[in-house]
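Colleague: I would like to learn how to read a model of this kind, one feature after another. Could you take me through it, giving the idea behind each feature and then the case at hand?

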Amino acid sequence: MDGTKTAAKPPNPAETVTLVENSSGRRWDLPVLSGTIGPKVIDVRKLYSETGYFTFDPGYTSTGSCESRITYIDGDKGELFYRGYPIEELAEHADFMEVSYLLLKGELPTPEQKRKFEWDIAHHTMVHEQLTRFYSGFRRDAHPMAVMCGVVGALSAFYHDSTDIYDPHQREVASYRLIAKMPTIAAMAYKYSVGQPFMYPRNDLKYADNFLHMTFAVPCEEYRVNPVLARAMDRILILHADHEQNASTSTVRLAGSSGANPFACIAAGIASLWGPAHGGANEAVLKMLTEIGSKSRIPEFVKRAKDKSSGFRLMGFGHRVYKNYDPRAAVMRRTCHEVLDELGVKNEPLLDLAMELERIALEDDYFIEKKLYPNVDFYSGIILRAMGFPTSMFTVLFAIARTVGWVAQWNEMIEDPGQKIGRPRQLYTGHQRRSYVPLHRRG
Ligand code: CMC
């Protein structure tokens with residue numbers, strides 16, 4: 001799907017890192033690979049066959065799991081690029097469909113390519129009518145992410161004509177279906193939870209507008225999409241669209257590496273996204289702000305966050321890669337003010353609280369030393385709540401946006417001629433071999 005050529009430089013045989021086994025003096029030269037930007041990597045693919053050692057890196061803090069041309073993050077500078085374009089420029093000038101095309105195909109679309117792409121996506125927004133019956137099988141109070149895991153996984157039982165992952169056309173159709181149907185499925189999850197009828201998609205509306213329509217319109221009256229809110233929604237989608245090899249994307253790649261169909265892989269990604277350390281943080285931030293309640297209690301919560309034994313963390317703070325302000329959080333903060341102004345919210349106590357919490361944390365030695373800054377999830381919940389979304393829908397919105405990143409990364413993996421099933425090894429610390437003891441001789 002991505003027609004661009006690989007940009008990674010071939011290994012330079014002169015550039016190696018030497019591994020020395022102290023006990024024997026044996027030495028191995030490990031090749032060093034360079035990307036177009038970013039740190040170099042030590043190529044350990046032949047390490048086990050040549051040395052008998054594995055690397056040990058739980059949490060993959062020092063491991064590059066794949067070669068990718070899609071998204072680049074410089075965590076120290078706080079930079080995020082999609083296909084080379086800085087996120088701030090895309091959030092300011094592009095719309096989500098343009099960004100989706102860019103992520104999937106590698107280049108920004110021409111006007112004609114954009115029109116066709118939007119038409120293709122719009123004409124996949126409906127879901128099979130039988131799929132709508134799934135919803136009545138769920139409890140009304142089910143978390144919408146639970147519904148998303150189930151319904152998105154079930155797509156593979158409906159769209160058999162787009163599950164052959166080795167056929168590029170089928171892969172494209174499956175990718176378009178997932179991007180197009182995700183807002184429909186999400187809005188239906190919301191409608192089911194509030195007992196309102198499902199609203200069919202409207203293909204004359206833009207992607208974000210259509211999602212707001214399916215979520216907030218009711219059949220008995222006309223619903224006009226507020227353009228400021230639609231633009232804010234579109235920007236939220238852009239900011240969350242991809243983020244290189246994060247937990248959910250790596251989950252999608254790992255599930256897909258076995259040859260599983262794309263609908264099942266994206267359902268796996270949704271499950272991974274749900275956790276509070278990842279996409280579930282936007283929901284957790286709002287719960288935390290509500291619990292803090294007033295500015296006078298901020299020092300107490302900051303103190304708890306610094307105390308490891310409390311098990312409490314400031315939600316919406318810190319990131320595995322960013323050791324600087326998350327560039328998405330800066331855009332999100334501005335968008336938050338725009339949305340509240342548009343809605344005439346003069347005084348939003350949670351926003352005041354969030355800004356005060358940010359100020360106090362950023363002046364605190366603990367947060368400075370550990371380079372903990374607000375991340376994308378810190379302000380998004382306040383915007384979404386002001387728009388009328390219940391807290392439980394926040395991570396669902398993240399899932400809608402991230403679907404394009406997931407499918408772009410999944411396609412890139414399938415197209416990679418060197419792709420192998422993902423199969424990490426382990427450091428075994430259990431029992432050595434022992435013999436079975438019959439039941440009557442135990443205890
Ligand atoms: N509050 C207090 N202390 C923190 C926090 C926090 N939010 N985040 C990290 N730390 C401390 C942590 O205790 C550790 O201290 P020490 O070095 O003394 O052991 C140090 O900072 C490094 O943390 P870590 O857990 O080793 O770092 P990580 O890269 O494994 O975790 C993280 C990254 C995002 C899971 C973590 O910062 C966190 O739990 N943040 C809160 C949840 C959150 O906002 N998640 C959204 C991430 S952005 C959107 C997304 O990816 O979906």
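**A threonine at a helix end**

Modeller: The side chain of Thr51 reaches the backbone nitrogen of Tyr53 at 3.0 Å, and please keep in mind throughout that this is a predicted model. The side chain of Thr51 also reaches the backbone oxygen of Leu47, in this case at 2.6 Å. Thr51 itself lies in helix H1, which covers residues 47-51.

Colleague: Is Thr51 buried or exposed?

Modeller: Buried means under 20% relative accessible area. Thr51 has a relative accessibility of 9%, and therefore counts as buried.

Colleague: How should I read a sheet, and which order do the strands have in the one with S4, S5 and S6?

Modeller: In general, the strands of a sheet pair through backbone hydrogen bonds, and the pairing may be parallel or antiparallel. Here the three strands form an open sheet in the order S4-S5-S6, with antiparallel pairing. Strand S4 (71-74) and strand S6 (85-86) are the edge strands, each of them pairing on one side only. Between S4 and strand S5, which spans residues 79-82, the antiparallel pairing runs over four bridges, and Ile73 stands opposite Leu80 in S5.

Colleague: Turning to the cysteines, how many disulfides does the model contain?

Modeller: A disulfide calls for two cysteine sulfur atoms within 2.5 Å, and by this rule the count is zero. Cys66, for instance, is in no disulfide, since the nearest cysteine sulfur, that of Cys265, is 14 Å away. As for their surroundings, Cys66 is partly exposed, with a relative accessible area of 31%, whereas Cys336 is buried, at 0%.

Colleague: Which residues come nearest to the ligand?

Modeller: There are 22 residues around the ligand, and those that come nearest are His278, Lys308, Leu314, Arg320 and Lys370. Sorted by character, the residues of this shell are eleven nonpolar, six polar and five charged.

Colleague: Where does the ligand have nitrogen or oxygen atoms close to polar atoms of the protein?

Modeller: For a polar contact, one looks for a pair of N or O atoms within 3.5 Å. A nitrogen atom of the ligand is 2.7 Å from a polar backbone atom of Leu314, and a nitrogen atom of the ligand is 3.1 Å from a polar backbone atom of Ala277. With Lys370 the side chain takes part, as one of its N or O atoms is 2.8 Å from an oxygen atom of the ligand. On its own the ligand has 940 Å² of accessible area, of which the protein covers 75%.

Technical notes:
Residues numbered from 1 in each chain as written. Predicted model: local features only at pLDDT ≥ 70, side-chain atom pairs only at ≥ 80, totals over all residues. Heavy atoms only, no water. Near = heavy atom within 4 Å. Polar contact = N/O pair within 3.5 Å; in protein donor to acceptor, adjacent residues only side chain to side chain. Areas by Shrake-Rupley, 256 points an atom, 1.4 Å probe, with all protein chains shown as cover. Nonpolar A, V, L, I, M, F, W, Y, C, P; charged D, E, K, R; others polar. Buried < 20%, exposed > 50% of the residue type's maximum accessible area, 1.4 Å probe, protein only. Pairing = 2+ DSSP bridges. Helix = DSSP H or I, 4+ residues; strand = E, 2+ residues; numbered from the N terminus.
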